[in-house]
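Welcome! Let us walk through this structure together, one region at a time.

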Amino acid sequence: NSMVLKDDVKVVTVTYGNNVALYDVTTFDLLRTHSLPCVVNSASLHIDQRYFVCGGEDLYVYKVSIETGRVLESYKKHFGPVHCIRYSPDGELYASGSEDGTIRLWQNCVGKHTACGSARS
């Protein structure tokens, strides 16, 4: 289970079971809950608050629309459950850490140039 609170964002992200819940930190009101196809260990909200990334027991990393709950992207590159996932402060990248001992960096917008390089076609 995971919880993330950012100073500049008024939303807290909480994972439990196969759910990711978003709460308003000033009122503690539940804003949204989204179910994923596996137990979710960690989630991170993008700075524009339109989507979040999460990962869990099925080895996948998911990018999910907050508005619709639709999985926008999913990647299976880890060989063990994903235990931690976080966006960079600028929202350009996110990192996932797995039980397999690896940390992977992902571009939020594939193909966009970043300090880590760019995607190849």
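A word on burial will help us along the way: a residue counts as buried when its relative accessible area is under 20%, as exposed when that area is over 50%, and as partly exposed in between. Glu73, with a relative accessible area of 22%, is therefore partly exposed. Please keep in mind that the model you are looking at is predicted.

Let us begin with a hairpin. Strand S2 covers residues 11–16, and five of its six residues are buried, so the strand is mostly covered. Its partner is strand S3 (residues 19–24); the two run antiparallel and are joined by six bridges. If you would like to find the pairing by eye, look for Val11, which stands opposite Asp24 in S3. Two residues lie between the strands of this hairpin, and Gly17 there takes a positive phi near 55 degrees.

Now move along to a sheet. Strands of a sheet pair through backbone hydrogen bonds, and the pairing can be parallel or antiparallel. Here four strands form an open sheet, in the order S5-S6-S7-S8, with antiparallel pairing. Which strands stand at the edges? They are strand S5 (40–45) and strand S8 (71–75); each has a single partner strand, so one side of each is left without a neighbour in the sheet. On average, and with direction ignored, neighbouring strands of this sheet are turned by 20 degrees against each other. At the S5 edge, five bridges hold the antiparallel pairing between S5 and strand S6 (residues 51–56). One pairing to look for is that of Val40, whose bridge partner in S6 is Gly56.

Next come the charged side chains. Side chains of opposite charge can pair when their charged atoms come close. How many salt bridges are there in this model? The count comes to three.

Start with Arg32 and Glu67, whose side chains meet in a salt bridge at 3.1 Å, N to O. Arg32 lies in strand S4 (residues 30–35), while Glu67 is in the loop between strand S7 (61–65) and S8, so this pair ties together parts that are 35 residues apart in sequence. How covered are the two partners? Arg32 counts as partly exposed, at 29% relative accessibility, and Glu67 is exposed, with a relative accessible area of 59%.

Asp48 and Arg50 make another salt bridge, at 2.7 Å from N to O. Asp48 is partly exposed at 33% relative accessibility, whereas Arg50 counts as exposed at 52%.

The remaining salt bridge brings us back to the sheet: the side chains of Lys63 and Glu73 meet at 3.9 Å, N to O. Because Lys63 lies in strand S7 and Glu73 in strand S8, the pair ties together parts that are ten residues apart in sequence. Is Lys63 buried or exposed? At 6% relative accessibility, Lys63 counts as buried, while its partner Glu73 is the partly exposed residue we met at the start, at 22%. Lys63 has another contact too: it lies over the face of Tyr51, at 4.3 Å from the ring centre.

From charges we turn to rings. The structure holds four aromatic pairs. One of them joins Tyr87 and Tyr94 in an edge-to-face arrangement, with 5.3 Å centre to centre and 65 degrees between the planes. Both partners are covered: Tyr87 counts as buried at 8% relative accessibility, and Tyr94 is buried with a relative accessible area of 1%. Tyr94 also pairs with Trp106, and this pair is stacked, at 6.3 Å centre to centre and 15 degrees between the planes. Tyr94 lies in strand S10 (residues 93–98) and Trp106 in strand S11 (residues 103–107), so the pair ties together parts that are twelve residues apart in sequence. Like Tyr94, Trp106 is buried. Taken together, ring pairs link Tyr75, Tyr87, Tyr94 and Trp106 into a cluster.

Our last stop is Leu105, which also has its place in strand S11. Leu105 is exposed, with a relative accessible area of 56%, whereas Trp106 is buried. The C-alpha atoms of Leu105 and Ala95 are separated by 4.5 Å, although these residues are ten apart along the chain.

How values were computed. Residues are numbered from 1 along each chain as its sequence is written. This is a predicted model: local features need pLDDT of at least 70, side-chain atom pairs count only at pLDDT 80 or more; totals for chains, interfaces and linings use all residues. Side-chain values use heavy atoms; hydrogens and water are left out. Two strands pair if DSSP finds at least two bridges between them. Axes are lines fitted to C-alpha atoms, for helices over the stretch in contact, and angles run from 0 to 180 degrees between N-to-C directions. A salt bridge is a side-chain nitrogen of Lys or Arg within 4 Å of a carboxyl oxygen of Asp or Glu. Buried means under 20% relative accessible area, exposed over 50%, partly exposed in between (1.4 Å probe, protein chains only). Rings of Phe, Tyr and Trp (its six-membered ring) pair if their centres lie within 6.5 Å; planes under 30 degrees apart count as stacked, over 60 as edge-to-face and the rest as tilted. A charge sits over a ring if NZ of Lys or CZ of Arg is within 6 Å of the ring centre and within 35 degrees of the ring normal.
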